[in-house]
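Please open the model in your viewer and keep the sequence panel beside it, so that each selection can be followed in both places. The tour goes from one selection to the next and says what to look for at each stop.

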Amino acid sequence: MSRLLVTGRQKLSGETYVQGAKNSALPILAATILTKGENVIYNCPELSDVEASLGILRYLGCDVRRSGQTLLVKADDVKNYEIPDVLMRKTRSSIVFLGAVLARTGRAKLSFPGGCEIGPRPIDLHLKALREMGAVIKEKHGYLDCYASSGLKGTRVALSFPSVGATEDIMIAACLAKGTTTITNAAQEPEICDLADFLNKCGAKIYGAGEGVVVIDGVTALNSTAHTIIADRIVAATLMSCAATTGSEILLKGAVASHLASIITVFEDSDCKIKISDKGIRFSAPERLSTMHTVRTMPYPGFPTDAQAPLLAASCVANGTSVFVENIFENRYRHISELIRMGASIKAEGRVAVVEGVESLYGASVEAVDLRGAASLVVAALGAEGESEISGIKYLERGYENFEVVLSELGADIKKI
C-alpha cells in the first residue's frame, strides 16, 4: 500500500492550476449516456472516482478514451441497463447513473452505491422523485430494479433537503422526460450549474440552475458537445489550508472566487490576505493564523462540508479557539483522532468540535479513513515539526490528482512511497 512521507514546516510558494472538479466530472460523465455523438470533456481530473465512472460507462457500452485531462465519450452503442455490484461499490456518486440509464434505456438495475463512510447518505430522495416521474422501482437483495417502459414524465418534485445528488439525478432524468419537471428546494452548488451548462449545450432546456427552483422542459434527443469542467473549489480550499498552516503565499490559477466565498470569509477572518485577479486567487497567510471562531457547514452558498476537514486541520495551529459545527453529515470527524496523535487539542461531541490552537503539531504515523480526512492529515503534516507518515492515501486519490506532486512543486517536502 502506498503512503505519503511529509517533512513539515517547509514554506510553500509559487503558483499552481487547480484541477477540474470531481463533483462536476462525475454527474457530467453519467449525463453523456443521454447523448448521441462524441463528447469532448476538458479539464477532467485523473482520479480513482473518475476511473470508477469510466468503468461503468464502458460496461454500459460507451466508447471512452482519455488523453491527459481530456476525455472522449461516445454513448451511441449503449444497450446494457444493469450495473454490477463491483462497479457500483467503488463510489457513492455512482447513484447518479440511475436517472441517466433509466432515461436512456427505459430500465435500470443496479446495487446500492459505495463510497466513504461519513454517515448516512440515503438515496430515498432519488427514488421518490423517479417514482413521481413514473418509474416503477423494486428494491430486493440490495439491488434496485427500475422500469419506465413508456418513458419518464415531467412532474413537480419538492425535495425535503437540497440534496446535490438528488438534484443532479432528477435533472439528468428529466431532460428526456415528456413534459416539464420542476424541482423545488433544489441544491444550488456550482457543480449543479456546471452540469446544467453541459446538458444545455447538448440541447437540453434547463432553467434556474444555481437557484432554489430548477425547471427542465423535456426534449426528444440530446446531441454531443465539448465542455470544460470548472475548477475544484474543495481542492482550492485544501491548498489554501496547506498555505495557511505553513504561513505561506501561493497563487491558485483557475480557481473561481465566487465559488469560494464562504471559505474566503473564514480565512480573511483568520488574518489571511486574499487578492482576486484575472490570474487567479493569491492567498497569503500570516506566520500564525488567528482563530477561525465558529464555522458551520451548510448547503451552498453556506460553508461546504467537504472543506470542513482541511480547515479544521489548519485551525489546529491557530492562535485561539475555533469551533466547528457539522450540520450535513454526522460522522465527519473521523480524522480528529489522528490529528490528536499529532499533538492537536480537539474535543468533539456529536456535531460540534472545539479546537484549541497549539504552537506546533509534531510528526507522527497516521492513517486516513475517508477522502477529506486524508486531505486534513496532509494539511496538518505540512505544518508539523518533523516527519509524518500518512497511510490510507487511496482515499486521497479519490479526489486529489497527484496531490504530492502539486505540493512538491510548491515547495513542500512530500513524497509517495
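## First stop: T35

Select T35, which counts as buried because its relative accessibility is 0%, and bear in mind throughout that this is a predicted model. T35 belongs to strand β3, which covers residues 35–36.

Now show the side chain of T35 and look for its polar partners. One of its polar atoms lies 2.8 Å from the backbone oxygen of T32, and the side chains of T35 and N39 are joined by a polar contact of 2.8 Å. Next, leaving aside residues up to four places away in sequence, select the residues that T35 touches: A75, D76, R104, C202, L222, N223 and S224.

## Second stop: T265

Move on to helix α9, residues 261–269, and pick out T265 within this helix. Is T265 buried or exposed? With a relative accessible area of 42%, T265 is partly exposed, because the partly exposed class lies between the 20% limit for buried and the 50% limit for exposed. If you then add M292 to the selection and draw a distance between the two C-alpha atoms, the separation is 9.8 Å, although T265 and M292 are 27 residues apart along the chain.

## Third stop: β18 and β19

Finally, select strand β18 (residues 273–277) together with strand β19 (residues 280–284), which run antiparallel and are joined by five bridges. These two strands, β18 and β19, form a hairpin with two residues between them. To see the pairing at one position, highlight I274 and look across to F283 in β19, which stands opposite.

How values were computed
Residues numbered from 1 in each chain as written. Predicted model: local features only at pLDDT ≥ 70, side-chain atom pairs only at ≥ 80, totals over all residues. Heavy atoms only, no water. Helix = DSSP H or I, 4+ residues; strand = E, 2+ residues; numbered from the N terminus. Buried < 20%, exposed > 50% of the residue type's maximum accessible area, 1.4 Å probe, protein only. Pairing = 2+ DSSP bridges. Polar contact = N/O pair within 3.5 Å; in protein donor to acceptor, adjacent residues only side chain to side chain. Contact = heavy atoms within 4.5 Å.
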